[in-house]
Amino acid sequence: MTSGLGTPTGACGYGETGAAYNYGNVADASSKLWENGTVCGACYQVKCGVKGVCNSEGVNIVVTDRGFGDKERDFILSSHALQSMALPNKVSKLLPKSLLDVKYKRVPCRYPGHDNLMVKVTEQSVFGEHLSIVLVYQGGQYDVLGIQIYGGSVKQWKDMKHEDGAVYDFPNPPKGPISLKLKLKDAGLLGGVVKFVKLDNVIPRHWKAGVAYDSKVKLA
């Protein structure tokens, strides 16, 4: 990971946004947690149990990438996240450890200063030819199960393609302001309640690659 933060080439597809997401407190999720990228954007509280080295609060991390390693690892934390778990003046004792015994749990995501969900048009998009998006500053505790698109010449809701990570694609996107409909599962409720959230005209007619647009919707 770059400079102790996240990586702009992470498998979730956040691009440059992923490098400093959540102030750099990010992690790669293991294959057993990956679930075809559904875990992207999920928040976890992680605590380590090294006495005299780790603090009691732990750190809240956001999953921005997929990690590969031995089967014992659930997360690969950024060095910034590791530092956040250490007691004052104990960082040097925590960073060299390659494997830590940790406890973790899923928690709602909160982004101070970013109350609304944002829709980012990825850097790989080409105006008029190909649209790919990721959701950023996704508050609450939701898994994205699908995204549909509507607008311009597309007069009915169409499924966007999801292959892996947090990226959803649509070839030959409509020309007008674009609306989206999200299918979300509340991961904080027993059984996982599913709901739909509409983002009306969230992507402008003349959108640009690499730009994140405010949905005016708050997920809490």
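## Exercises: salt bridges, sheets and a surface patch

In this model, Lys 32 and Asp 74 join their side chains in a salt bridge, with N and O 2.9 Å apart. Keep in mind as you work that the model is predicted.

**Exercise 1.** Work out which parts of the chain the Lys 32 and Asp 74 pair ties together.

*Solution.* Start with where each partner sits. Lys 32 is in helix H2 (residues 31-34), while Asp 74 is in the loop between strand E3 (59-66) and E4, so the pair ties together parts that are 42 residues apart in sequence. Next, look at accessibility. Lys 32 has a relative accessible area of 58%, so call it exposed. Asp 74 comes out at 16%, so that one counts as buried. The cut-offs behind those calls are under 20% for buried and over 50% for exposed.

**Exercise 2.** How many salt bridges does the structure hold? Go through two more of them, one partner at a time.

*Solution.* The count is four. Take Arg 106 and Asp 143: their closest N and O atoms are 2.9 Å apart. Arg 106 belongs to strand E5 and Asp 143 to strand E8 (residues 142-151), so this pair ties together parts 37 residues apart in sequence. For accessibility, Arg 106 reaches 22% and is partly exposed, whereas Asp 143, at 7%, is buried.

Now try Lys 198 and Asp 200, another salt bridge, where the closest N and O atoms are 3.9 Å apart. The cut-off is within 4 Å, so the pair qualifies. Lys 198 is partly exposed at 48%, and Asp 200 is exposed at 52%.

**Exercise 3.** Trace the order of the strands in the open five-stranded sheet, then find its edges.

*Solution.* Walk across the sheet and you get E4-E1-E3-E2-E5, with mixed pairing. The edges are strand E4 (75-77) and strand E5 (102-107), each of which pairs on one side only. From one strand to the next, the twist averages 40°.

Zoom in on the E4 end. Strand E1 (residues 26-29) and E4 run antiparallel, joined by three bridges. To find your place there, look for Ala 27, which stands opposite Leu 77 in E4.

**Exercise 4.** Are the residues on the two faces of strand E6 (residues 118-121) buried or exposed? Then find the strands that E6 pairs with.

*Solution.* Take the faces one by one. Met 118 and Lys 120 are on one side, Val 119 and Val 121 are on the other, and all of them are buried. Both faces of E6 are therefore covered, going by the under-20% cut-off for buried.

Now for the partners. E6 pairs with strand E7 (residues 130-136) in the antiparallel sense, over four bridges. On that side, Met 118 stands opposite Val 136 in E7. Strand E14 (residues 212-214) is also antiparallel to E6, and three bridges join them. Here you'll see Val 119 opposite Tyr 213 in E14.

**Exercise 5.** Which residues make the nonpolar surface patch of about 280 Å²? Check the accessibility of Val 194 as well.

*Solution.* Leu 145, Val 194 and Phe 196 make the patch. Val 194 has its place in strand E13 (residues 194-203). With a relative accessible area of 40%, Val 194 is partly exposed. A patch residue needs over 30%, so Val 194 clears that bar.

How values were computed:
Residues are numbered from 1 along each chain as its sequence is written. This is a predicted model: local features need pLDDT of at least 70, side-chain atom pairs count only at pLDDT 80 or more; totals for chains, interfaces and linings use all residues. Side-chain values use heavy atoms; hydrogens and water are left out. Two strands pair if DSSP finds at least two bridges between them. Axes are lines fitted to C-alpha atoms, for helices over the stretch in contact, and angles run from 0 to 180 degrees between N-to-C directions. Buried means under 20% relative accessible area, exposed over 50%, partly exposed in between (1.4 Å probe, protein chains only). Patches are made of residues with over 30% relative accessible area and no salt bridge: like charges are joined within 9 Å, nonpolar side chains (Val, Leu, Ile, Met, Phe, Trp, Tyr) within 5 Å. Accessible areas come from the Shrake-Rupley method with a 1.4 Å probe; for residues, only the protein chains shown count as cover.
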